[in-house]
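Colleague: I should like to learn how to read the features of a structural model. May we work through one together, step by step?

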Amino acid sequence: MSLRHSTARPASAQMTFARRLDGWSMGALVLAALAALPIVAILISAPSGGFEAITHLARTVLGSYIANTFALMAMAGTLALVVGTTCAWLVSATRFPGRKVLAWALVLPLAVPAYIAAYLYADLLDFTGPVQSALRSATGLSAGEYWFPKIRSLAGGAFVLGIVLYPYVYLLGRAAFAAQSVSQFRAARSLGARATRAFWRVALPAARPAIAGGLALVLMEVLADFGVAQYFAIPTFSTGIFRSWLAMGDKQAALKLAAMMLLFVIALIILEARTRQGRAVSKDARADDEALVQLTPIGKVLAMTLCTVPVLLGFVIPAGHLISMAVSDAAIGAAGDLWSYASGSLWLGLGAGFVCVVAALLLAFAKARSESSAVKASIRVSTLGYALPGALLAVGLLAPLGAADIALSRFARDVFGYSGGLVLTGTGAVLVYALSVRFLTVAYNSVDGGMSKIPPSLAAAARSLGAGPTRVLTRIYAPLLSPSLAAAAALVFIDTVRELPATLILRPFNLETLATRTYRLASDERLVEASIPALILLAAGLIPVLLLTRTGKS
């Protein structure tokens, strides 16, 4: 019976294999259906209502939503691309003072939620902020007598997003540069090519797929952003969906905007998937202390400066300013009710973490036992949620759940005399469901990575002794996967605590989380009072960043 795990199975063995996997395959298909519900609902609901809503949008705000979304993605993506690629090449190919520290410090900006960085930079760089106040004090200039860049603008939003998201490009670019063939680069140098020319003609083209993959992740995050665009008053698809659904109560407009936003998401998913093709690891990779390019003393200073500035702008300055506010008497005095909204984040993170871990374990186990295309397709669909912006996901769920809720409430009223209103909408269960769809990818990647390290012979031996699939899962896989399951739960918990747009739209009226509390206080310009919950969110973000630095060392 252990031949069922061999590469070539007899036809009879394949048939037995398929029959025994029906239950697990159906479970994977059910998860895929639940994960795909928001997308299907948007595609079905968007055409309803005719062209009146889309015509009105086209006459009023659609042009600005498209233009601003494109511009924000282009500017933030360009900044992240330039900074991430430059730092990745310098850290990988050169040696300069502080390189080993900067190699992991360059990932730290990922720990800072973009909306918190926006609040902090607005406080620092606004007219009444410390930077402009110090400038006026030092120069004696008054308002209108000097020019200073406006942070609450499209360019300011692109700066904030680019400077905290560039690590996506940096991490993938650094790994690609480190895995490149040493002989090709040195052959180009031996033929007379300068280091700059060899970089553009040899190193960069070889790393282009990985860099493009990092850029696709950056663009997905920019497209999904709500906090920065909302705080800086930049009309984008995310803020438009939020405004149409909650502020104006225009369900049709929100669904149509979500459908258009979905086109952006699909394009970025295709881009990210295509960048995975053609990546290869060189067999003549160099040692970590071996430099491809020798720098002059001035070049070493310049390289150190270029790699230090992104860390300062993306992490040190925001974190330092946040800490300075968090230790003030006003911030400490406002933290008296900290537990009330920290507990909301706690149970929400635990609920989403538990659901995601169970779903990820089911998907990974189904994949390990089945080679059917249906299971593979269900896994791909189930793990699409991470690419879906929170606002799009929330609107996509509200439409079908609202209709199901009305039918359920009517049934409960007619049969049981229930008169309590809607049963599902506005409950924590719906929010946990939405966040589980959003972050299932994070859990699955961790669990699947751990599953790939377990020898198939263990399960085969257990089955030969009469153990069924459930017993194999609970007695063999689950204990061996405990570190991966714990890591998956922790990562989902942290992402759930930091998530903003879906929580704002779907949360019950009596639920406040660290993210929503920070958003509400900062929106009211009460940033000092928001500093302690914001600092907790930043500290939580350091955990996955530190994991990334451990797995991304060259």
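Modeller: The turns below take up the overall make-up, the salt bridges, the cysteines, two buried side chains and a surface patch. This is a predicted model, in which local features need pLDDT of at least 70 and side-chain atom pairs count only at pLDDT 80 or more, while totals for chains, interfaces and linings use all residues. Residues are numbered from 1 along each chain as its sequence is written, and side-chain values use heavy atoms, with hydrogens and water left out.

Colleague: How many helices and strands are there in the chain?

Modeller: Helices (H or I, at least four residues) and strands (E, at least two) are DSSP runs, numbered from the N terminus. The chain has 26 helices and 0 strands.

Colleague: What percentage of the residues is buried?

Modeller: A residue is buried under 20% relative accessible area, exposed over 50% and partly exposed in between, using a 1.4 Å probe and protein chains only. Of the 554 residues in the chain, 51% are buried. In helix 25 (residues 514-523), 8 of the 10 residues are buried, including Arg517 and Tyr519.

Colleague: Which residues are linked in a network of salt bridges?

Modeller: A salt bridge is a side-chain nitrogen of Lys or Arg within 4 Å of a carboxyl oxygen of Asp or Glu. The structure holds 7 salt bridges, and Asp126, Arg152 and Glu525 are linked in a network of them. Arg152 meets Asp126 at 2.9 Å, N to O. This pair lies 26 residues apart, with Arg152 in the loop between helix 7 and helix 8 and Asp126 in the loop between helix 6 and helix 7. Arg152 also meets Glu525 at 3.5 Å, N to O. Here the partners are 373 residues apart, and Glu525 is in the loop between helix 25 and helix 26. Arg152 counts as partly exposed because its relative accessibility is 24%.

Colleague: Why is Cys87 not bonded to the closest cysteine sulfur?

Modeller: A disulfide is a covalent bond between the sulfur atoms of two cysteines. The rule applied here requires a pair of cysteine sulfur atoms within 2.5 Å, and by this rule the count comes to 0 disulfides. The closest cysteine sulfur to that of Cys87 belongs to Cys307, and at 4.2 Å it is too far for a bond. Cys87 is buried, at 2% relative accessible area.

Colleague: Which backbone oxygen does the side chain of Ser436 reach?

Modeller: A polar contact is a pair of N or O atoms within 3.5 Å; within protein, one must be able to donate a hydrogen and the other to accept it, and residues adjacent in sequence count only if both atoms are side-chain atoms. The side chain of Ser436 reaches the backbone oxygen of Val432 at 2.7 Å. Ser436 is in helix 20 (residues 428-451) and is buried, at 7% relative accessibility. Similarly, a polar side-chain atom of Thr85 lies 2.7 Å from the backbone oxygen of Leu81. Thr85 belongs to helix 4 (residues 62-93) and is buried, with a relative accessible area of 10%.

Colleague: Which residues form a nonpolar patch on the surface?

Modeller: Patches are made of residues with over 30% relative accessible area and no salt bridge; like charges are joined within 9 Å, and nonpolar side chains (Val, Leu, Ile, Met, Phe, Trp, Tyr) within 5 Å. Accessible areas come from the Shrake-Rupley method with a 1.4 Å probe, and for residues only the protein chains shown count as cover. Leu408, Phe411, Val415 and Phe416 form such a nonpolar patch, with about 420 Å² of accessible area together. Phe411 lies in helix 19 (residues 390-416).
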